[in-house]
Amino acid sequence: MPTAAAPLDIAFARRLPKIELHAHLTGSISRECLHDIWELKRVQDPSLQLEDPLVAIPPGKVDYDINTFFPLFSSYIYKLCNDIASIKHSTKAVLSDFQSDGVVYLELRTTPRAIPDQNITKDLYVKTVISLLKEHNEDQSNAMRVFLILSIDRRNTATEAEEVIDLAIKYRSAGVVGIDLCGDPARGDVRIFTGAFARAKAVGIKVTLHFAEIAESATDEELHTLLSWQPNRLGHVIHVSDEMQKAIIRQNIGVELCLSCNVHAKMIAGSYPDHHFGTWRHSSVPVVLCTDDVGVFCSPLSKEYHLAIKHFDLDKGQLKELCERAIGSIFSGINEQSRLNMIYSEWEGWVT
Ligand code: IMP
Ligand code: ZN
């Protein structure tokens with residue numbers, strides 16, 4: 001007698017092998033991990049002035065919007081994760097969280113950060129993170145493989161952006177696979193980064209860009225400048241005209257879509273059923289569900305898949321097609337593409 005197919009519930013979404021391509025390292029640190037770091041620091045320095053993370057970022061609070069989200073990093077999390085020990089502790093915890101959620105391939109991104117009073121240069125920051133990624137990948141008991149994308153912040157100067165490209169080139173053979181443009185979309189003039197992104201593309205480094213996150217960063221001029229850099233993938237892709245959508249489809253650019261982040265931060269009008277995932281999933285481009293900042297919005301990738309299944313009525317066949325379509329847009333190359341194709345073709349969850 002045939003067994004009844006398992007329901008597409010949250011347990012199914014956890015078991016589903018998942019690809020995560022848009023996750024900011026510092027934004028992916030859980031409140032619990034921040035709290036552990038805070039406790040460890042307090043033991044070392046009882047006069048520590050920083051508030052408990054569970055007070056500063058209350059558990060369950062996810063309604064951070066464009067005005068409250070960015071200051072959370074500059075005024076709190078960066079002050080807590082400000083030495084090699086806390087960078088190592090949090091990076092390991094982030095990798096473990098993604099892996100236990102069923103992520104099999106992760107491209108983590110981070111903005112190189114200098115911490116002068118700890119003698120940490122941007123180079124040392126990147127070197128530290130990448131050594132942990134390497135350690136993770138070399139442990140054969142880990143089912144997830146992880147690669148690094150370096151972010152240029154919109155508030156960076158052109159010289160700082162060039163420094164990020166230098167670091168990407170330097171650490172390319174160690175696992176840096178791409179460059180990102182991120183940061184407060186209400187800030188900065190993206191045109192100053194044209195040279196830096198051109199240099200990255202010229203040496204074959206892949207490019208992903210935060211794109212049309214808010215109306216102010218979605219002017220025709222800005223979006224045409226960003227598309228002229230020939231990005232390989234785009235994040236968010238919210239405020240785009242039909243003409244812009246057509247250009248993205250023509251160039252077959254992958255889109256990284258973040259349901260909960262966009263809903264909680266009120267970046268889209270309405271709620272989950274109104275999310276533009278509903279439009280993009282019917283397009284021909286690679287569409288990848290991503291978390292963005294799971295530490296802040298508290299929705300792991302399994303939950304994002306479950307939300308998509310629920311609100312867009314996806315069946316197993318549609319999910320499989322979506323997962324397999326995303327493989328072509330990963331930055332690390334043919335070996336990982338083959339591994340992921342194998343994982344999806346052999347996964348017994350499609351038929352049980
Ligand atoms: P980090 O780069 O590992 O330090 O991760 C945190 C940083 O990522 C923040 O300070 C922001 O600059 C950036 N970031 C996180 N989420 C977003 C987003 O949704 N849009 C743009 N930038 C973001
Ligand atoms: Zn992002």
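## A tour from ligand 1 outwards

Start by selecting ligand 1 together with its shell: 19 residues surround the ligand, and the closest are Tyr78, Thr110, Thr111, Glu213 and Asp293. Keep in mind as you go that this is a predicted model.

**Stop 1: the polar contacts of ligand 1.** Show Thr110 as sticks. One of its polar side-chain atoms is 2.6 Å from an oxygen atom of ligand 1. Next, add Glu213, where a polar side-chain atom lies 2.8 Å from a nitrogen atom of the ligand. Then bring in Gly183, and display its backbone this time: a backbone N or O atom of Gly183 lies 2.9 Å from a nitrogen atom of ligand 1. With those contacts on screen, switch on a surface. Ligand 1 taken alone exposes 480 Å², and the protein buries 98% of that.

**Stop 2: the pocket and its walls.** If you have a pocket display, turn it on here, since you will find ligand 1 sitting in the largest pocket. Colour helix α4 (66-80) and strand β2 (103-110), the elements that give two or more residues to the shell around the ligand. Which element gives the most to that shell? It is α4, with four residues.

**Stop 3: Asp153.** Now select strand β3, residues 145-153, and pick out Asp153 within that strand. Is Asp153 buried or exposed? Asp153 counts as buried because its relative accessibility is 11%, and the cut-off for buried is under 20%. Follow the side chain of Asp153 to the backbone nitrogen of Arg155, which it reaches at 2.8 Å. Setting aside residues up to four places away in sequence, Asp153 touches Thr111, Cys182, Gly183 and Phe193. You have met two of these names already: Thr111 is listed among the closest residues to ligand 1, and Gly183 has a backbone atom 2.9 Å from a nitrogen atom of the ligand.

**Stop 4: Lys92.** For the last stop, move to helix α5, which covers residues 84-100, and select Lys92 there. Lys92 is partly exposed, because its relative accessible area is 46% and partly exposed runs between the 20% and 50% cut-offs. What does Lys92 contact beyond its neighbours within four places in sequence? Select Leu132 and Glu135 to see both partners. To finish, draw a C-alpha to C-alpha distance from Lys92 to Leu133: the two are 41 residues apart in sequence, and 8.5 Å apart in space.

Note on methods:
Residues numbered from 1 in each chain as written. Chains lettered and ligands numbered in written order. Predicted model: local features only at pLDDT ≥ 70, side-chain atom pairs only at ≥ 80, totals over all residues. Heavy atoms only, no water. Buried < 20%, exposed > 50% of the residue type's maximum accessible area, 1.4 Å probe, protein only. Contact = heavy atoms within 4.5 Å. Near = heavy atom within 4 Å. Polar contact = N/O pair within 3.5 Å; in protein donor to acceptor, adjacent residues only side chain to side chain. Areas by Shrake-Rupley, 256 points an atom, 1.4 Å probe, with all protein chains shown as cover. 1 Å grid on protein atoms, 1.4 Å probe; cavity = no way out; pocket = protein on both sides within 12 Å on 5 of 7 lines; lining within 4 Å. Sits in = over half its atoms within 2 Å of the grid points.
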